[in-house]
Amino acid sequence: MTPTAAPVARTAPAATDTHCPYCSLQCGMRLAPAAADAGPPVEVLERPAFPVNRGALCGKGRTAPALLARGARLTGPLLRDRPGAPLRSAGWPEALDRAAAGLARVRAAHGPDAVGVFGGGGLTNEKAYLLGKFARVVLGTANIDYNGRFCMSSAAAAHRRAFGLDRGLPFPLADLPHTGCLILVGANPAETMPPAVRYLRELREKGGRLIVVDPRRTRTAELADLHLQPRPGADLALALGLLHLVIADGLLDEEFIAGRTTGFAAAREAATAHWPDRVERITGVPVHQLRQAARTFGEAATGMVLTARGPEQHSKGTDTVGAWIDLCLATGNSGRPYSGYGCLTGQGNGQGGREHGQKADQLPGYRSIEDPAARAHVAAVWGVPAASLPGPGLSAYELLDGLGRPDGVKALLLAGSNPAVSAPNAAHVTERLRALDLLVVADVVLSETARLADVVLPVTQWAEEDGTTTNLEGRVILRRRALDPPAGVRGELWLLRELAARLGVPHGFPAEAEPVFDELRRASAGGDADYAGISYARIAAEDGVFWPCPADGHPGTPRLFLDRFATPDGRARFAAVTHRPAAEEPDRDYPLYLTTGRVLAQYQSGAQTRRVAELTTAAPGPYVELHPQLARRLGIADGEPVAVTSRRGRAVAPARITDAIRPDTVFMPFHWAGAGRANSLTNPALDPVSRMPEFKLCAVRVERVRREEGA
Ligand code: SF4
């Protein structure tokens, strides 16, 4: 079936072209009514015409319909009548009345900033947009942020600092195979987005070189020509060391530096202090490998660097990404075909979710909430005085850390996020969630965070609603409604409309996605992320449209910066940064690095994928990856339960012994709750620019525990 520009179908057609609900690749898929009466109501078919994944899906996408079945999800609102009481079933009017009255009560008693909103990078553009509008127009609060702050905010900050604009990839994925050398830093697409591995294979087949930087020998690292295995937290020094060698080896692109950049002199000086022996000492990467990497990248006709959470989720993430961008700029690998820096976003709408106003410091179109012209433009679209819009609010962890405190948020509306598992220092965050006067959670399932709520609102899923997301390439794509939701379930747009009406704003909150998107287009017009020329009809007809797309006839922008960068003078800016240690380095009491990440068969906090039998069979629980030398030293056998302890908490999980990890580092996946919750351990130290927590590194000790505790 060819995608059409047909209006929203109220009854499901025979087959519907749509997209996976999970990661930022947003693979195209086709949904058809399921043949069997029991089980999921739709089945997934290939959609080979969609260019990003060409029909390929990973197990998560293939099994996504399992959560559409009634038994796997929430099918009616839940209420808690008093603290400590169990959740009970309720009707929608009672649940909405309770939520609205609670929000109004806290706002009246403590002021608008005592009411907060917490969104998610998996929400569609329409939901993210309307959530931001709800916070600013209906609640009048500055305190809205979202879990995307935990995901790629450091890359976003570095992008804006260097290029004046933040779009994850400035080129389509299809450009990857045509570059001469690709450096993947802290990215493991072989597990996080397997269909994208095709691009890496094609790169190798065409003669391009692949360098992977990761403290673990991941499945992606096994595909590489060269695997650099630095200590966690050393990526900044590594990038500076490569820049030092590129300069020393005469591999600079002087013409590009002179013509299209500013600030190289300071960057050169910073790199000078990162000579090879010193960088080997900091990173643990041997000098001969540093030289090999610098030469391979510097001598390639074109080169790309892509980062993911590995170098970004640090208290120096913005500077680390800045150093990798500096390497690209120094070698002329930016703003030219088949070259450049990019960030592999994580969540399904990790890109669009940060563009349309659910971030504490932004208004739709990637506008700054502190820019008077941006405020005036958005206020005019919303029909409110610009002066009524609040200023910037607290970033995600700061908002969560303040919950229930005298000067913090006391009533929280949360959608599409599960911070009780996914936030750093998660036991503390769970305590703060418990301290709220009111917690309202909109979710598909009874997540660990929803279990703490006073009001739980069950919402529709990807296959039951229309809406757009923006994939990691900046391609705006369209999810289509393929079936009706269960009777007791409503969409987030509808429930925002209902809450707004109860809070005295009866207009301006459409319950259908396309009118919201049309308003978003107007609100984004003239902004960095300009969607003005994008429509549902165009997206369907063109397999997605790349922003910026400022007018109806505009073709969209698959490749950014080819003529100029988005800075005032059109030049890219070197960052000129220097290495510094992590907020918490190993010491005598906590002698090991802990790093965390994802596994192939689970997704983010696992709230959805842990409920899918096939995925849970493939990845049933947490584990602690240790090098054989470390295991021998600690007397730990493979499969034996071990305790990992940091200054913030303790987690227990079976040991998995592998020489794929460094002997000074242990790894835990972060998808699970309970005793094996990796985020019980992680450090909420924040990057000073992006406010990104330091998920990727903290100091721990590892000990054997009794088998009974491990069980
Ligand atoms: S790679 Fe990502 S988008 Fe594609 S099927 Fe898997 S989870 Fe879904």
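The exercises below, each with a worked solution, concern a predicted model.

**Exercise 1. The ligand shell**

Determine which residues surround the ligand, and how they divide by class.

Solution. Begin by collecting the residues around the ligand, which are C20, Y22, C23, Q26, C27, L57, C58, K60, G61, M193 and P195. Then sort this shell by class, which gives eight nonpolar, two polar and one charged residues.

**Exercise 2. The packing of α3 and α18**

Decide whether helix α3 and helix α18 are roughly parallel or roughly antiparallel, and describe the residues of their contact.

Solution. Start with the geometry: helix α3, residues 125-139, and helix α18, residues 492-502, pack at an angle of about 10°, and their axes are 10 Å apart. Because of that angle, α3 is roughly parallel to α18, given that angles under 35 degrees count as roughly parallel. Next, list the two sides of the contact, where α3 contributes E126, K127, L130, L131, F134 and V138, while α18 contributes E492, L493, L496, L499 and A500. Finally, divide the residues of the contact of α3 with α18 by class, and the result is eight nonpolar, no polar and three charged.

**Exercise 3. Cysteines and disulfides**

Establish how many disulfides the whole structure has, and examine C698 as a particular case.

Solution. A search of the whole structure finds zero disulfides. In the case of C698, which is in no disulfide, the nearest cysteine sulfur belongs to C151 and is 19 Å away, whereas a disulfide would need the two sulfur atoms within 2.5 Å. As to its surroundings, C698 is buried, because its relative accessible area is 1%. Another cysteine, C549, counts as buried because its relative accessibility is 0%.

**Exercise 4. Backbone exceptions in loops**

Find where P548, Y366 and F561 lie, and state what is notable about the backbone at each of them.

Solution. Take P548 to begin with, which is found in the loop between β21 (545-546) and β22 (572-573); the peptide bond that leads from W547 to P548 is cis, with omega near 0°. The loop between β21 and β22 also holds F561, which is not a glycine and nevertheless has a positive phi of about 70°. With a relative accessible area of 8%, F561 is therefore buried. Turn now to Y366, in the loop between β14 (362-363) and β15 (367-368), where a positive phi of about 65° again occurs at a residue that is not a glycine. Y366 counts as buried because its relative accessibility is 2%.

**Exercise 5. Two helix residues and their distant partners**

Is A540 buried or exposed, and is E280 buried or partly exposed? For each, identify a residue distant in sequence and give the C-alpha separation.

Solution. A540 lies in helix α20, residues 536-542, and is buried because its relative accessible area is 8%. I477 is 63 residues from A540 in sequence, yet their C-alpha atoms are 7.7 Å apart in space. E280, by contrast, has its place in helix α10, residues 276-283, and is partly exposed because its relative accessible area is 33%, a value that falls between the 20% and 50% limits. The C-alpha atoms of E280 and A237 are separated by 9.1 Å, although these residues are 43 apart along the chain. If neighbours within four places in sequence are left aside, the contacts of E280 are R231, V285, P286, V287 and L290.

Terms used: Residues numbered from 1 in each chain as written. Predicted model: local features only at pLDDT ≥ 70, side-chain atom pairs only at ≥ 80, totals over all residues. Heavy atoms only, no water. Near = heavy atom within 4 Å. Nonpolar A, V, L, I, M, F, W, Y, C, P; charged D, E, K, R; others polar. Axes fitted to C-alpha atoms, helices over the stretch in contact; angles between N-to-C directions. Helix = DSSP H or I, 4+ residues; strand = E, 2+ residues; numbered from the N terminus. Parallel < 35°, antiparallel > 145°, perpendicular 65-115°, else oblique. Contact = heavy atoms within 4.5 Å. Buried < 20%, exposed > 50% of the residue type's maximum accessible area, 1.4 Å probe, protein only.
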